[in-house]
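Visitor: I'd like a close look at one small part of this protein, please. Could you take me through it slowly and then show me how it fits with the rest?

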Amino acid sequence: MNTTLLARPLANLHITTSLWRHTGGPTKSIPALCSGLAAEGTRVSLAFLGGDLAATVYDAARAGVDLRVFPATIHNTVWYSRCLHRRLPELVETHDIVHAHGMWQSPGWMACEEAIRQNRPFVLSPRGSVLPERLAKGWVKK
């Protein structure tokens with residue numbers, strides 16, 4: 001998308017649970033997506049929970065992506081952050097679109113709920129969350 005036609009750069013907020021060194025594909029693809037958007041003139045913020053971060057996160061920061069790192073309050077399958085929860089209204093309000101990555105953990109749920117509350121457009125990328133083997137695991141919660 002050529003953002004030079006807009007009066008101001010489009011502001012994208014990307015939210016995911018983790019970008020930790022020991023995790024898989026999203027750790028590479030989400031920072032790369034954000035870096036690509038930033039290179040096209042889009043203002044990009046990437047919010048996630050802190051931990052042992054992958055090198056791709058630092059690459060995204062060097063590409064101009066604004067990193068928003070939040071501490072986890074509950075370390076279990078939903079990975080809740082009270083701090084992120086409190087800051088979400090402001091984060092969503094200051095961005096034009098919200099892109100949540102992943103379906104089964106609280107950062108994605110909270111981001112989509114806040115986008116709906118503020119009537120902001122949002123994208124929910126399941127990131128493999130609807131594969132049969134993923135749906136079979138923890139099916140009661142899902």
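Which residue does the side chain of D66 meet in a salt bridge?

Guide: Before we zoom in, keep in mind that this is a predicted model. The partner you're after is R68: its side chain and that of D66 meet in a salt bridge, with N and O 2.7 Å apart. How covered up are these two? D66 has a relative accessibility of 33%, so it counts as partly exposed. R68 comes out at 22%, and that also makes it partly exposed. Buried would need a value under 20%.

Now let's see what sits around the pair. Both D66 and R68 are in contact with L46, and so are V65 and L67. L46 also touches H14, L19, I30 and C34, once you leave aside its neighbours within four places in sequence. One of those contacts, C34, has 0% relative accessibility, so it is buried.

That brings us to the nonpolar interior. In soluble globular proteins, nonpolar side chains tend to be buried together. Here, the largest nonpolar core has 28 residues, and L46 is among those with the most contacts inside it, along with L13, V65 and L88. Several elements chip in: strand 1, helix 1, strand 2, helix 2, helix 3 (82-93), strand 4 (97-101) and helix 4 each supply at least two residues. Strand 2 gives the largest share of this core, five residues.

Let's go back to charges for a moment. Side chains of opposite charge can pair when their charged atoms come close. The count for this structure is five salt bridges, and two others are handy to set beside D66 and R68.

Take R21 and D52, whose closest N and O atoms are 3.2 Å apart. R21 lies in the loop between strand 1 (11-15) and helix 1 (26-39), while D52 lies in the loop between strand 2 (43-49) and helix 2 (55-62), so this pair ties together parts that are 31 residues apart in sequence. R21 is exposed, at 55% relative accessibility, whereas D52 is partly exposed at 45%.

Then there's E114 with R117, a salt bridge at 2.6 Å from N to O. These two both belong to helix 4 (residues 106-117) and sit three residues apart, which is about one turn of the helix. Their surroundings contrast nicely: E114 is buried, with a relative accessible area of 9%, but R117 is exposed at 56%.

What about links between cysteines? The structure holds zero disulfides. You've already met C34, which is buried; C83, by contrast, is partly exposed, with a relative accessible area of 25%.

Finally, step back and look at the whole thing. The protein has five helices and five strands, and along the sequence they follow the pattern β-α-β-α-β-α-β-α-β-α. Of its 142 residues, 39% are buried. Among contacts between residues at least 6 apart in sequence, 64% join residues at least 24 apart. As for the outside, the protein exposes about 7800 Å², and carbon and sulfur atoms supply 59% of that.

So, back where we started: D66 and R68 are joined by a salt bridge, and both are in contact with L46, one of the residues with the most contacts inside the largest nonpolar core.

How values were computed:
Residues are numbered from 1 along each chain as its sequence is written. This is a predicted model: local features need pLDDT of at least 70, side-chain atom pairs count only at pLDDT 80 or more; totals for chains, interfaces and linings use all residues. Side-chain values use heavy atoms; hydrogens and water are left out. Helices (H or I, at least four residues) and strands (E, at least two) are DSSP runs, numbered from the N terminus. Buried means under 20% relative accessible area, exposed over 50%, partly exposed in between (1.4 Å probe, protein chains only). Contact means heavy atoms within 4.5 Å. Accessible areas come from the Shrake-Rupley method with a 1.4 Å probe; for residues, only the protein chains shown count as cover. A salt bridge is a side-chain nitrogen of Lys or Arg within 4 Å of a carboxyl oxygen of Asp or Glu. A disulfide is a pair of cysteine sulfur atoms within 2.5 Å. A nonpolar core is a set of buried Ala, Val, Leu, Ile, Met, Phe, Trp, Tyr and Cys residues joined through side-chain atoms within 4.5 Å.
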